[in-house]
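The following paragraphs lead through a single protein, from its overall arrangement to the details of its helices. The reader is invited to keep the sequence and the model in view throughout.

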Amino acid sequence: EGLLEGDPEKLSQLFWAGIHGVIVLHLTGKLVAGTSVEDLYAMMVTTLMRGARGSRFKEIEHRLARGG
């Protein structure tokens, strides 16, 4: 039982592709005006994690929301 469900290699490629995409948009100046790279990165990682959540995801999500 882990935080995420799925093939670890495929999940790592998925996360790498998402993070890479955010960084490339930032470096090439193609982020929508008013969008920070930090906010877009956080939203992208959160969305990917929710989509691949394992049985412990809610527990960890609540713990992080409480600050620890």
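In this predicted model, the elements of the protein follow the order α-α-α from the N terminus. The secondary structure thus amounts to three helices and zero strands. With a radius of gyration of 14 Å, well over the 11 Å that the globule rule gives for 68 residues, the protein is more spread out than a compact globule. Its C-alpha trace spans about 40 × 30 × 15 Å along the principal axes.

Burial and surface may be considered next. Of the 68 residues, 19% count as buried, where buried means under 20% relative accessible area. The protein exposes about 5200 Å², and carbon and sulfur atoms supply 59% of this area. Among contacts with a separation of 6 or more, 61% are made by residues 24 or more positions apart.

Helix α1 comprises 20 residues, residues 8–27. At 1.5 Å a residue this helix should span 28 Å, and its end C-alpha atoms are indeed 28 Å apart, so expectation and model agree. Aspartate 7 caps the N-terminal end of α1, with a side-chain oxygen 2.9 Å from the backbone nitrogen of glutamate 9. Just after the helix, glycine 29 adopts a positive phi of about 70 degrees.

Which residues of α1 are buried? They are Leu11, Phe15, Gly18 and Val22. Viewed down the axis of α1, the buried residues fall within an arc of 60 degrees and therefore line one face of the helix. The general geometry is helpful here: an α-helix has 3.6 residues a turn, so residues three or four places apart point the same way. On the other side of α1, Glu9, Lys10, Gln13, Trp16 and Leu27 are exposed. The buried residues of α1 pack against α2, which covers residues 37–51.

Helix α2 can be read in a similar manner. It has 15 residues and reaches 21 Å from its first C-alpha to its last, close to the 21 Å expected at 1.5 Å a residue. Its buried residues are Val37, Met44, Val45 and Leu48. Seen down the axis of α2, these buried residues lie within an arc of 95 degrees, so they too line one face of their helix. Glu38, Asp39, Met43 and Thr47 are exposed on the other side of α2. What covers the buried residues of α2 includes α1, just as the buried residues of α1 pack against α2.

How values were computed
Residues numbered from 1 in each chain as written. Predicted model: local features only at pLDDT ≥ 70, side-chain atom pairs only at ≥ 80, totals over all residues. Heavy atoms only, no water. Helix = DSSP H or I, 4+ residues; strand = E, 2+ residues; numbered from the N terminus. Expected span 1.5 Å × (residues − 1). Buried < 20%, exposed > 50% of the residue type's maximum accessible area, 1.4 Å probe, protein only. Arc of directions from axis to C-beta. Contact = heavy atoms within 4.5 Å. Polar contact = N/O pair within 3.5 Å; in protein donor to acceptor, adjacent residues only side chain to side chain. Rg over C-alpha atoms; globule rule 2.2 N^0.38 Å. Areas by Shrake-Rupley, 256 points an atom, 1.4 Å probe, with all protein chains shown as cover.
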